[in-house]
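Got your viewer open? Let's take a short walk along the chain, one selection at a time.

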Amino acid sequence: MPQVNISLSPELHSLLVELAKLTGLAKSGLAAEYVRRGIYEDAAKHRQVLYLQQDKNQNLE
């Protein structure tokens with residue numbers, strides 16, 4: 001599986017540590033899940049903008 005190294009602010013790291021303790025999950029697993037959610041959310045937003053732009057261009061023709 002591909003790996004990515006990231007740096008977190010001390011505040012985010014503390015939150016991640018606390019969430020890992022609460023859930024019993026590894027910090028790396030939690031971080032991967034949060035990245036996954038963010039990527040899919042951003043992709044969906046960009047896709048919506050692209051569709052709106054394409055629709056606008058088609059209406060101008």
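**Stop 1: helix H1**

Select residues 10-23, which make up helix H1. Its 14 residues, at 1.5 Å a residue, should span 20 Å, and the end C-alpha atoms are indeed 20 Å apart, so the expected and modelled lengths agree. Keep in mind that you're looking at a predicted model.

Now click on Gly-24, which follows H1. The phi angle of Gly-24 is positive, near 80°.

**Stop 2: where H1 meets H2**

Add residues 27-60, helix H2, to your selection. How do we describe a pair like this? Two packed helices are described by the angle between their axes and the distance between the axes. Here the axes of H1 and H2 come within 9 Å and cross at roughly 110°. Angles of 65 to 115 degrees count as roughly perpendicular, which is why H1 is called roughly perpendicular to H2. The crossing of the two helices is right-handed.

Show the side chains at the contact next. On H1, pick His-13, Leu-16, Val-17, Leu-19, Ala-20 and Thr-23; on H2, pick Lys-27, Leu-30, Ala-31 and Tyr-34. Colour this contact by class and you'll get 7 nonpolar, 2 polar and 1 charged residues.

**Stop 3: zoom out**

Show everything again. The protein has 2 helices and 0 strands. Its radius of gyration is 18 Å, well over the 10 Å that the globule rule gives for 61 residues, so the protein is more spread out than a compact globule. Along the principal axes, the C-alpha atoms fill a box of roughly 55 × 25 × 20 Å.

Notes:
Residues numbered from 1 in each chain as written. Predicted model: local features only at pLDDT ≥ 70, side-chain atom pairs only at ≥ 80, totals over all residues. Heavy atoms only, no water. Helix = DSSP H or I, 4+ residues; strand = E, 2+ residues; numbered from the N terminus. Expected span 1.5 Å × (residues − 1). Axes fitted to C-alpha atoms, helices over the stretch in contact; angles between N-to-C directions. Parallel < 35°, antiparallel > 145°, perpendicular 65-115°, else oblique. Left-handed = near helix turned anticlockwise from the far one by under 90°. Contact = heavy atoms within 4.5 Å. Nonpolar A, V, L, I, M, F, W, Y, C, P; charged D, E, K, R; others polar. Rg over C-alpha atoms; globule rule 2.2 N^0.38 Å.
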